Amino acid sequence: MADAPGLWCQQLGPPVPEDTSPPALFLDRDGVVVEEIEYLHRVEDVKLIAGVDKIIASCNQNNLPVVLVTNQSGIGRGLYGWREFAAVQDRIMEALSSLGARIDMVLACAYHDQAPPPYKEDGHSWRKPNPGMLLAAAERLKVNLSLSWIVGDQPSDIEAGRAAKLAGGVLVLSGRTSQSASAGVRSRGGYRVRVTYSLAACRFLVEYMKAAEITLGKDPSARAERAAIAAIDQ
Ligand SMILES: [Mg+2]
């Protein structure tokens with residue numbers, strides 16, 4: 001779906017029904033859905049983080065699209081190729097599927113400022129912390145970015161959500177960021193930032209997005225915002 005050598009975009013779930021614009025849950029991959037392995041490219045190294053399937057399945061049941069957004073500079077650097085990436089993705093999707101969970105769309109960006117051609121690009125719009133992958137997914141799936149959240153294990157994930165004007169971001173400690181380093185990632189303006197141990201602890205996001213979507217349909221004013229805040233601040 002993405003016609004550039006360094007970009008990947010794959011729709012796996014059903015199309016979002018017309019005349020709806022649901023919130024989406026954006027997920028970083030490594031350190032969030034699967035255990036962090038530097039430059040993960042071997043299927044035998046894929047290991048789901050415990051409990052993440054339940055949050056993803058809960059989004060599926062509530063018609064909230066789940067979108068994987070992953071920087072893949074390892075491809076840009078020539079450490080592995082799209083073939084290995086695809087095999088790893090297949091393994092992750094199989095593992096989730098066996099637990100009743102589905103990712104709706106996958107986007108990846110191989111561009112990096114240190115990569116050789118054709119993957120050398122400084123600050124590509126799709127490479128987090130830039131919001132390009134989130135914006136591209138929103139356009140294709142017609143999701144409501146202002147009610148959506150991102151979960152990531154690095155500050156660049158959280159910043160991509162801020163740049164895409166999401167409702168907020170959750171920094172999880174299951175990957176690359178330590179608790180002490182997480183202190184520097186803060187809410188600012190209307191963008192909320194939370195820190196939890198794992199995506200498995202993010203059920204509150206499903207509640208937030210459900211409440212915000214339901215209420216928005218009835219009253220697109222302050223009521224949606226109040227319901228959303230009540231859900232998130234519980
Ligand atoms: Mg990560």
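Colleague: Before we start, what counts as a contact here?
Modeller: This is a predicted model, and contacts are judged on C-beta atoms placed from the backbone. Two residues are in contact if those atoms lie within 7 Å.

Colleague: Then which residues does S146 touch, leaving out those up to four places away in sequence?
Modeller: S146 sits in the loop between α4 (132–141) and β5 (149–152). With residues up to four places away in sequence set aside, the ones S146 touches are K165 and A167.

Colleague: Is S146 buried, partly exposed or exposed?
Modeller: Count the other C-beta atoms within 10 Å of S146 and you get 16. Buried needs 20 or more, and exposed needs 12 or fewer. The count for S146 falls in between, so S146 is partly exposed.

Colleague: How far apart are the C-alpha atoms of S146 and E159?
Modeller: Along the chain, these two are 13 residues apart. In space, the separation of their C-alpha atoms is 15 Å.

Colleague: Now the sheet: which strands stand at its edges?
Modeller: It's an open sheet of seven strands with mixed pairing, ordered β1-β4-β3-β2-β5-β6-β7. An edge strand has a single partner, so one side of it is left without a neighbour in the sheet. That describes β1 (7–11) and β7 (192–196).

Colleague: And in β7, which residue is the bridge partner of V170?
Modeller: Strand β6 (residues 168–172) runs parallel to β7, and five bridges join them. In β7, V170 has as its bridge partner R194.

Colleague: What about helix α5, at what angle does it run to β5?
Modeller: Helix α5 covers residues 155–163 and lies across β2 (25–27), β5, β6 and β7. Relative to β5, helix α5 runs at about 165°.

Note on methods. Residues are numbered from 1 along each chain as its sequence is written. This is a predicted model: local features need pLDDT of at least 70, side-chain atom pairs count only at pLDDT 80 or more; totals for chains, interfaces and linings use all residues. Helices (H or I, at least four residues) and strands (E, at least two) are DSSP runs, numbered from the N terminus. Two strands pair if DSSP finds at least two bridges between them. Axes are lines fitted to C-alpha atoms, for helices over the stretch in contact, and angles run from 0 to 180 degrees between N-to-C directions.
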